[in-house]
Amino acid sequence: MALIHGGQLNQVAAQYQIPVSEWLDLSTGIAPISYPVGDIPASVWQQLPQRDDELIDLACQYYFERVSAAAKQHIMAISGSQAIIQTLPQFVQNESIAKQVFVPDVGYKEHQQAWLNAGYQLVHYAQDIDLTLLAQVIPEQAVVVLINPNNPSGQLYAAEQISQLLSQVTAKQGLLIVDEAFADIVAPNYSVADLVFEPDYQDSLIVLRSVGKFFGLAGIRLGFVIASQNWIQLFSERLGPWQVNGAAQYIGKQALADTRWQLEQKHQLAELANHLTVLLDQTFAQKSRGTDLFRTVTHPNAAELYQQLCQQGVYARLTDDQQALRFGLATAEQLTKLSSVLNTLVL
């Protein structure tokens with residue numbers, strides 16, 4: 001079963017019979033400010049993409065706090081983290097991992113769908129659970145999926161808390177998957193990427209990172225999987241060559257190396273997120289939650305409010321449980337339109 005995501009503007013515009021050009025699309029958590037993509041050399045398009053050591057070196061510097069010569073053996077470029085999410089259950093088909101997967105009750109549903117399609121038994125846990133409690137209830141040889149920060153709730157755990165959970169997962173011969181797709185906008189001490197260097201954890205940790213969201217370049221389909229050398233070798237063998245197109249690698253290298261732009265982007269996103277938070281909190285009784293890339297409002301009539309917004313050309317993301325609306329960041333000009341439409345809602 002195909003899941004419904006944000007970003008389906010053509011379909012929504014047709015449904016409500018409003019031209020695409022007239023919509024305010026806030027349905028994704030992708031930064032509205034994109035890394036400037038300049039001219040791409042013709043050779044990038046003419047050659048088959050190869051493993052780019054420079055891209056891997058830059059990714060190591062960007063994602064790891066401790067960079068060593070061996071670091072590049074723990075990271076692999078992929079065509080967006082979705083590529084691993086969909087195929088990972090196939091890689092875990094062995095006797096050492098039980099067919100039981102713990103997933104958050106609120107969170108990116110492609111994780112749940114991938115494991116369900118592969119025949120695994122799902123166990124849902126509260127997305128804001130105390131991780132020490134989660135560690136106590138997981139059985140031997142289980143898979144645990146953690147989204148940090150959570151999309152759409154924004155729930156965030158520090159690396160120290162996740163490390164304690166990982167210790168228990170490792171002791172029980174299980175696997176912890178940490179989806180850090182939105183982690184670019186939080187402090188480095190929330191990422192657990194460096195834990196893949198710890199020999200005690202062996203093959204029990206896989207971390208997923210996304211380039212598209214923070215850099216506002218979802219269309220290039222670029223991400224990274226961070227794990228043990230054994231996992232990286234398996235992914236490389238199973239996924240085959242040409243995982244990431246040449247243009248994505250070329251742009252990714254520039255974006256990951258541009259530290260000045262990254263600092264400015266964080267500042268601008270924080271400012272836009274603050275403006276959006278103020279507006280939403282003035283409109284709704286329930287305070288919004290989220291990150292500096294999106295804000296989510298829980299409301300008992302979320303589905304009805306979604307309809308009202310769409311009827312006026314504002315596309316927000318109705319969450320899977322239809323209990324909340326997630327709003328992507330809006331620029332100053334877009335915020336004016338959003339404010340006007342929010343004032344008309346029948347709450």
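Q: What does contact mean here?
A: This is a predicted model. Helix α8 is described as lying across strands, and that rests on contact. Contact means heavy atoms within 4.5 Å.

Q: Which strands does helix α8 lie across?
A: Helix α8 covers residues 229-239. The helix runs at about 30 degrees to β2. The strands under α8 are β2, β6 (175-179), β7 and β8.

Q: In what order do the seven strands of the open sheet stand?
A: The pairing in this sheet is mixed. Neighbouring strands are turned by 20 degrees against each other on average, direction ignored. The order is β2-β8-β7-β6-β5-β3-β4.

Q: Which strands stand at the edges of the sheet?
A: An edge strand has a single partner strand, so one side is left without a neighbour in the sheet. Two strands fit that description: β2 (75-78) and β4 (121-125).

Q: Which residue in β5 does valine 101 stand opposite?
A: Strand β3 spans residues 100-104. Two bridges join β3 to β5, and the two strands run parallel. Opposite valine 101 stands valine 143.

Q: Which helix gives the most to the largest nonpolar core?
A: This core has 92 residues. Leu176, Phe224 and Leu338 have the most contacts inside it. The helix that gives the most, with seven residues, is α10 (residues 259-283).

Q: Which residues are in contact with leucine 338, leaving aside its neighbours within four places in sequence?
A: Leucine 338 is among the residues with the most contacts inside the largest core. With sequence neighbours within four places left aside, its contacts are Leu24, Leu26, Leu276, Leu279, Val314 and Phe327.

Q: How many residues does the second, separate core have?
A: Among its members are Val92, Val101, Ala227 and Leu234. Val101 also stands opposite valine 143 in β5. The count for this second core is 26 residues.

Q: Where are proline 149 and proline 152 found?
A: The peptide bond from asparagine 148 to proline 149 is cis, with omega near -5 degrees. Another cis bond joins asparagine 151 and proline 152, with omega about 25 degrees. Both prolines are found in the loop between β5 and α7.

Q: Is arginine 221 buried, exposed or partly exposed?
A: Arginine 221 lies in the loop between β7 (205-210) and β8 (223-227). Its phi is near 50 degrees, a positive value in a residue other than glycine. Buried means under 20% relative accessible area and exposed over 50%. At 41%, arginine 221 is therefore partly exposed.

Key: Residues numbered from 1 in each chain as written. Predicted model: local features only at pLDDT ≥ 70, side-chain atom pairs only at ≥ 80, totals over all residues. Heavy atoms only, no water. Core = buried A, V, L, I, M, F, W, Y, C linked by side-chain atoms within 4.5 Å. Buried < 20%, exposed > 50% of the residue type's maximum accessible area, 1.4 Å probe, protein only. Helix = DSSP H or I, 4+ residues; strand = E, 2+ residues; numbered from the N terminus. Pairing = 2+ DSSP bridges. Axes fitted to C-alpha atoms, helices over the stretch in contact; angles between N-to-C directions.
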